[in-house]
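Biologist: I'm new to this one and could use a guided tour. Could you show me how to read it, feature by feature?

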Amino acid sequence: MAAGAVAITRGMRWPGGIAAGLVLALTLGTLGAVAWRAGFALRLGPADWAAIRFTIWQAALSALVSVVLAIPVARALARRRFPGRAALVTLLGAPFILPVIVAVIGLIGVFGRGGILNDALGLAGLGPVSVYGWHGVVLAHVFFNLPLAVRLILQGWLSIPAERFRLAASLGAPVGRLLEGPMLRAVAPGAFAVIFLICLTSFAVALTLGGGPRATTVELAIYQAVRFDFDLGRAAMLAVVQFALCAAAALGLRAAGAPEALGAGLDRVVEHHAPGGRMLDALSVTLAALFLIAPLAMILARGLPGLADLSGGLWPAAARSVAVALGATALTLAMALALALRGGALARLSMLLPLAASGLVMGTGLFVLLHPLVSPREVALLVTMLVNAVMALPFAARVIAPAVAQAEAGHGRLADSLGLHGLARLRWLILPRIRRPLGFAAGLTAALSMGDLGVIALFAGDGQATLPLLMVRLMSAYRMEQAAGVALVLLAISLALFWIFDRGGRVDAAA
């Protein structure tokens, strides 16, 4: 997040107050609803404690494996220049906007029973491996979070001035102990904390690859309690536990903080600062690229044949997904901009609070509140849109708030002298200068919302499936080729929305 949003325009604080109220209602308000429904008597059974232990264990293991594997890849990217390096660094950002359920289809195509890995093992005379269970959950989390860990650790490597590497080399000093070790001790805990937090709330991965008593997360247990047992009391108790876990992880992330600066330099490129290790660097980059590219290639290879077998339910589901994504995007941008303009402690809290929340916990709270008044199916798409908008708020605010503050710092005094306030200031000063980050935030929010499989699985009826939910239903019916076709459509629409918004923000945008 930026150093902190500040109140920058007179007469523009009330929209920020409304946005903060909505965020507080959908996070703390829904938590209060589930706590009230649970009766504040958290009596958890053995299966619930098993879900809690597995949730923490798989998140910790996924974060640890992601960070450990990211270190040699980030090191290679930091000190080597090779053809395709820029494309690989760009590819590292793809899993973040890739719909989770789409990536699962790709992983099944590589590591599943009929995947290319088991085909190769069969040719070698070895037995098959299964992608389902705890190892499948960890594998999927590493696929999503290894690129994030690489980007975070790579920034740490690039923050070390190249002159320090050259000085160490000229003196024959151990680079690893004097430079790389201290940097990793400063950067790795923050990378671990953010990935741990992400893995705590990964519902779609646990739903499709987990399950069973040994691979059930808290969020999956909440879903099962509502959808299959209709035990709202147990679901409420688990929702309180999930919020507590996320809040503790968010506090840990805040405690990890940002690493201190490692000194100033002349902005030279860090390259070949170690004479050896070329083979290790090449192997690390090659394996990482294959790990990321193979599932994406399998989505394309299996999705194209599946397109011909899709039923007429595909396009209504696609229309619902697009409608929810566009509604969530508009609401997220409005809230992020309103909070950035308002500033203050309340705005900062509202920008950060969704990190401690869980979409499924919000959905459970809304289910508890709405069930006596209206059928949850009647408001499934609206509730999904609201929750998606709030969950994407921290990412959008991280992009928009610094741009708003920069625009005000550069031209605020001139606007004051011209008497620009309120909507006129927003129109002529702020919006023209934040089009680039606004477009990027819109594309990111739309892509994330398109692939969300959380609240809609809790609320939707038979005729209300979005594309992710349609995929899960096809997978449950073992219609994997058709599910791959839906995955390809979902991927294409998600990437198209991201490109349209991001490109639109960059066309004729002011600096």
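Modeller: Sure. Keep in mind that this is a predicted model. Let's start with a single residue: V218 sits in helix α11, which covers residues 218-227.

Biologist: Is V218 buried or exposed?

Modeller: Buried means under 20% relative accessible area. V218 comes out at 0% relative accessibility, so V218 counts as buried.

Biologist: Which residues is V218 in contact with, leaving aside its neighbours within four places in sequence?

Modeller: Those contacts are A51, I52, T55, L238, Q242 and L245. You can also look at spacing: F203 is 15 residues from V218 along the chain, and their C-alpha atoms are 8.9 Å apart.

Biologist: And how does the chain look as a whole?

Modeller: Its secondary structure consists of 22 helices and zero strands. Of the 511 residues, 53% are buried. Among contacts with a separation of 6 or more, 84% are between residues 24 or more positions apart.

Biologist: How do I read a helix, then?

Modeller: Start with the general idea: an α-helix has 3.6 residues a turn, so residues three or four places apart point the same way. Now take α13, residues 278-307. Its buried residues include D281, S284, V285, A288, L292 and P295.

Biologist: What span should the 30 residues of α13 have?

Modeller: At 1.5 Å a residue, α13 should span 44 Å, and its end C-alpha atoms are 43 Å apart, which agrees. Still, α13 has a kink of about 25° at I293, shortly before the proline P295.

Biologist: Where does helix α15 bend?

Modeller: Look at S350: α15, residues 344-356, bends there by about 30°. A proline, P354, follows within four residues. Both S350 and P354 are on the list of buried residues in α15, along with A347, M351, L353 and A356.

Biologist: What about empty space?

Modeller: The general trick is that rolling a probe the size of a water molecule over the atoms shows where empty space is left. Here, the second largest pocket has a volume of about 390 Å³. It is lined by 16 residues, and the closest to its centre are Y132, T208, M475, S476 and Y478.

Biologist: Which elements give two or more residues to that lining?

Modeller: They are α10 (203-209) and α21 (467-476). The largest share, five residues, comes from α21.

Biologist: How many residues of each class are in the lining of the second largest pocket?

Modeller: Nine are nonpolar, four are polar and three are charged.

Notes
Residues are numbered from 1 along each chain as its sequence is written. This is a predicted model: local features need pLDDT of at least 70, side-chain atom pairs count only at pLDDT 80 or more; totals for chains, interfaces and linings use all residues. Side-chain values use heavy atoms; hydrogens and water are left out. On a 1 Å grid over the protein atoms alone, a cavity is a set of points where a 1.4 Å probe fits but cannot get out, and a pocket is an open set with protein on both sides within 12 Å along at least five of seven lines; lining residues have an atom within 4 Å of a point. Grid points are joined across faces, edges and corners, and a volume is the space filled by probe spheres set on the points. Ala, Val, Leu, Ile, Met, Phe, Trp, Tyr, Cys and Pro count as nonpolar, Asp, Glu, Lys and Arg as charged, and the others, Gly among them, as polar. The bend at a residue is the angle between axes fitted to the seven residues ending there and the seven starting there. Buried means under 20% relative accessible area, exposed over 50%, partly exposed in between (1.4 Å probe, protein chains only). The expected span of a helix is 1.5 Å times one less than its number of residues. Contact means heavy atoms within 4.5 Å.
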